[in-house]
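Hi everyone, and thanks for coming. I'd like to walk you through a structure that may be new to you, so please have a look at it first.

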Amino acid sequence: MALGKNYDGQDCSLAKALEVIGERWTLLVVRDAMYGVRRFGDFQAHLDIPRAVLSQRLATLVAAGVLDRRRYQDAPPRDEYVLTPMGRELWPPVLALTQWGERHLAAHGPRRLYHHVTCRARLDPQSGCPACRRSVPLEEVEVRPGPGLRHDTREDLVSLALRTPHRMLAPIPDKIIRETLEGRSHELGGDRVRG
């Protein structure tokens with residue numbers, strides 16, 4: 001029996017949400033946008049996703065209001081994708097799913113750790129800060145390398161840039177990308193990692 005392509009027969013908010021974010025790759029695109037990935041080529045390289053699939057996922061997220069498409073260059077025309085307030089609201093479920101995967105499916109421990117920028121405490125699965133005793137918005141979160149990242153062999157620029165602490169939503173700094181291209185090394189838990 002073939003699966004239906006949508007949830008038209010469901011009068012359910014979860015089904016409607018899955019229409020927008022339930023396709024394979026979609027939450028990974030959203031997660032990368034939270035990391036500060038904005039350009040098509042960076043999404044494609046980091047996710048290793050087929051171009052046609054990425055184009056479709058980005059178009060769906062823009063049409064739904066999760067991402068905003070902005071022109072950053074006119075000749076040749078180039079756009080970037082930035083999370084909208086609606087897209088930022090997906091932070092708690094993305095974090096919860098990530099931490100669930102780390103607890104149950106990660107052989108070498110968490111690849112990324114999420115900390116509150118203000119007090120430096122590690123966040124709980126609901127994006128709560130145990131030190132401040134409040135929910136932490138995405139804008140106040142820093143992603144850091146975790147112990148599971150030691151086994152990472154990916155060489156795309158986003159993976160290399162995320163081997164150092166990075167504020168969520170901030171564009172992956174051009175400086176880090178330039179340093180990576182120049183072959184400078186970054187620290188990863190005491191081990192030297194060549195970029």
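I'll go through a few places in this structure, one after another. Please keep in mind that what you see is a predicted model.

Let's begin with helix 2, which covers residues 26–35. How much of helix 2 is buried? Eight of its ten residues are, so the helix is largely enclosed by the rest of the structure. If you want to find them on your screen, the buried ones are Thr26, Val29, Val30, Arg31, Asp32, Ala33, Met34 and Tyr35. Right after helix 2 comes glycine 36, and its phi is positive, near 110°.

Now over to the strands. Strand 1 takes in residues 67–73, and six bridges join it to strand 2, with the two running antiparallel. Together, strand 1 and strand 2 make a hairpin, with four residues between them. To pick out one bridge, arginine 70 has glutamate 80 in strand 2 as its partner. Strand 2 is mostly covered, with five of its six residues buried.

One residue of strand 2 deserves a stop of its own. Leucine 83 lies in this strand, which spans residues 78–83. Is leucine 83 buried or exposed? Its relative accessibility is 5%, and buried means under 20%, so leucine 83 counts as buried. What does leucine 83 touch, leaving out residues up to four places away in sequence? The list is Val30, Ala33, Met34, Val66, Leu67, Arg88, Leu138 and Leu169. You may recognise Val30, Ala33 and Met34 from the buried residues of helix 2. Valine 66 is also worth finding: it is 17 residues from leucine 83 in sequence, with 6.1 Å between their C-alpha atoms.

Next, some aromatic rings. How many aromatic pairs are there? The count comes to one. The partners are tryptophan 91 and tyrosine 114, arranged edge-to-face, with 5.4 Å from centre to centre and 65° between the planes. Tryptophan 91 belongs to helix 6, residues 91–105, while tyrosine 114 is in strand 3, residues 112–116, so the pair ties together parts that are 23 residues apart in sequence. Tryptophan 91 and tyrosine 114 are both buried.

There is another ring to look at, this time with a charge. Arginine 39 has its charged end over the ring of tyrosine 72, 3.9 Å from the ring centre.

Let me finish with two aspartates. Aspartate 42 is placed in helix 3, residues 40–47. Its relative accessibility is 26%, so aspartate 42 counts as partly exposed. Apart from neighbours within four places in sequence, aspartate 42 is in contact with Val37 and Val158. Serine 159 is 117 residues away from aspartate 42 along the chain, yet their C-alpha atoms are separated by 9.9 Å.

Serine 159 comes up again with the second aspartate. Aspartate 152 touches Ser159, along with Arg111 and Arg163, if we don't count residues up to four places away in sequence. Where is aspartate 152 found? It is in the loop between strand 6 (141–145) and helix 7 (157–161). At 12% relative accessibility, aspartate 152 counts as buried. Its side chain reaches the backbone nitrogen of arginine 154 at 3.2 Å.

That's the tour. Thanks for listening!

Technical notes
Residues are numbered from 1 along each chain as its sequence is written. This is a predicted model: local features need pLDDT of at least 70, side-chain atom pairs count only at pLDDT 80 or more; totals for chains, interfaces and linings use all residues. Side-chain values use heavy atoms; hydrogens and water are left out. Rings of Phe, Tyr and Trp (its six-membered ring) pair if their centres lie within 6.5 Å; planes under 30 degrees apart count as stacked, over 60 as edge-to-face and the rest as tilted. Buried means under 20% relative accessible area, exposed over 50%, partly exposed in between (1.4 Å probe, protein chains only). A charge sits over a ring if NZ of Lys or CZ of Arg is within 6 Å of the ring centre and within 35 degrees of the ring normal. Contact means heavy atoms within 4.5 Å. Two strands pair if DSSP finds at least two bridges between them. A polar contact is a pair of N or O atoms within 3.5 Å; within protein, one must be able to donate a hydrogen and the other to accept it, and residues adjacent in sequence count only if both atoms are side-chain atoms.
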